[in-house]
Amino acid sequence: PVAKIIKGRVTTQVAAVFKPTWFQVFPGTDLSVPMSVSYGIDGEQPPQSSVSQEELGNASVGLEFNINETWNVTARYAAYFGPVPNGTAGPLADRDNVSLTVKRTF
């Protein structure tokens, strides 16, 4: 079957990422503080989804250490925000999380 393009299904979103970096905070260690936010300004419900994108968003903030250009250690908190009308965004409301990532470059 051929997919139909449904006119009028448009969403408007805005997002920003900010990553200040401080070099040599410790000998051989650089520190970054990555931050991001995304927000759905308006929009209609996509045909394949039961959740409207309007007024929904997510944000994250973290600490990232780059040690001797070999090790990269990142701790990050990510959160969902927005209204949960009639429970339709219920699967999204509990998506706050904390993550720790350690990478080694050879």
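Is Ile 41 buried, partly exposed or exposed, and what is the relative accessible area of Ile 41? The exercises below concern a predicted model.

**Exercise 1. Classify Ile 41 and place this residue on the surface of the protein.**

Solution.
1. Locate the residue: Ile 41 belongs to strand 4.
2. Take the relative accessible area, which is 43% for Ile 41.
3. Apply the limits: buried requires under 20% and exposed over 50%, with partly exposed in between. Ile 41 is therefore partly exposed.
4. Consider the surroundings: Ile 41 joins Val 14, Val 37, Tyr 39 and Phe 81 in a nonpolar surface patch of about 390 Å².
5. Assign the patch to an element: strand 4, residues 35-43, supplies the largest share of the patch, with three residues.

**Exercise 2. State which elements the protein has and in what order they run, and give the overall values for burial, surface and contacts.**

Solution.
1. Count the elements: there are seven strands and one helix.
2. Order them from the N terminus: the pattern is β-β-β-β-β-β-α-β.
3. Assess burial: 21% of the 106 residues count as buried.
4. Assess the surface: the accessible area is about 7700 Å², and carbon and sulfur atoms hold 60% of this area.
5. Assess the contacts: among those with a separation of 6 or more, 48% link residues 24 or more positions apart.

**Exercise 3. Trace the strand pairing from strand 2 through strand 3 and strand 5 to strand 6.**

Solution.
1. Begin with strand 2 and strand 3, which are paired antiparallel through three bridges. Within this pair, Trp 22 faces Leu 31 of strand 3.
2. Examine the connection: strand 2 and strand 3 form a hairpin with two residues between the strands, and Gly 28 has a positive phi near 80° there.
3. Continue from strand 3 (residues 29-32) to strand 5 (residues 57-67): four bridges connect them in the antiparallel sense. Here Asp 30 is opposite Asn 66 of strand 5.
4. Proceed to strand 6 (residues 71-81), which is antiparallel to strand 5 and joined to strand 5 by eleven bridges. In this pair, Ser 60 is opposite Ala 78 of strand 6.
5. Close with the second connection: strand 5 and strand 6 form a hairpin with three residues between them, and Asn 68 lies in the turn.

**Exercise 4. Determine where Gln 24 and Asn 68 lie, and whether each is buried or exposed.**

Solution.
1. Recall the background: most residues other than glycine have a negative phi.
2. Take Gln 24, a residue other than glycine whose phi is positive, near 55°. Gln 24 is part of strand 2, residues 21-26.
3. Evaluate its accessibility: Gln 24 reaches 52% and therefore counts as exposed.
4. Take Asn 68, which also has a positive phi near 55° and is not glycine. Asn 68 sits in the loop between strand 5 and strand 6.
5. Evaluate its accessibility: the relative accessible area of Asn 68 is 53%, so this residue is exposed.

**Exercise 5. Describe the environment of Ser 32.**

Solution.
1. Place the residue: Ser 32 is in strand 3.
2. Classify it: with a relative accessible area of 7%, Ser 32 is buried, because the limit for buried is under 20%.
3. Identify its polar partner: the side chains of Ser 32 and Thr 21 form a polar contact of 3.0 Å.
4. List the neighbours, leaving out residues up to four places away in sequence: Ser 32 touches Lys 19, Pro 20, Thr 21, Gly 62, Leu 63 and Glu 64.

**Exercise 6. Describe the surroundings of Ser 38 and Ala 79.**

Solution.
1. Start with Ser 38, a residue of strand 4. The C-alpha atoms of Ser 38 and Ala 59 are 6.3 Å apart, with 21 residues of separation along the chain.
2. Leaving out residues up to four places away in sequence, the residues touched by Ser 38 include Val 14 and Phe 81. Val 14 and Phe 81 also belong to the nonpolar patch.
3. Turn to Ala 79 in strand 6. Its relative accessibility is 18%, so Ala 79 counts as buried.
4. Relate Ala 79 to Gly 57: their C-alpha atoms are separated by 8.6 Å, and the two residues are 22 residues apart along the chain.
5. Complete the list under the sequence limit of up to four places: Ala 79 touches Gly 57, Asn 58, Ala 59 and Asp 96.

How values were computed. Residues are numbered from 1 along each chain as its sequence is written. This is a predicted model: local features need pLDDT of at least 70, side-chain atom pairs count only at pLDDT 80 or more; totals for chains, interfaces and linings use all residues. Side-chain values use heavy atoms; hydrogens and water are left out. Buried means under 20% relative accessible area, exposed over 50%, partly exposed in between (1.4 Å probe, protein chains only). Contact means heavy atoms within 4.5 Å. Accessible areas come from the Shrake-Rupley method with a 1.4 Å probe; for residues, only the protein chains shown count as cover. Patches are made of residues with over 30% relative accessible area and no salt bridge: like charges are joined within 9 Å, nonpolar side chains (Val, Leu, Ile, Met, Phe, Trp, Tyr) within 5 Å. A salt bridge is a side-chain nitrogen of Lys or Arg within 4 Å of a carboxyl oxygen of Asp or Glu. Two strands pair if DSSP finds at least two bridges between them. A polar contact is a pair of N or O atoms within 3.5 Å; within protein, one must be able to donate a hydrogen and the other to accept it, and residues adjacent in sequence count only if both atoms are side-chain atoms.
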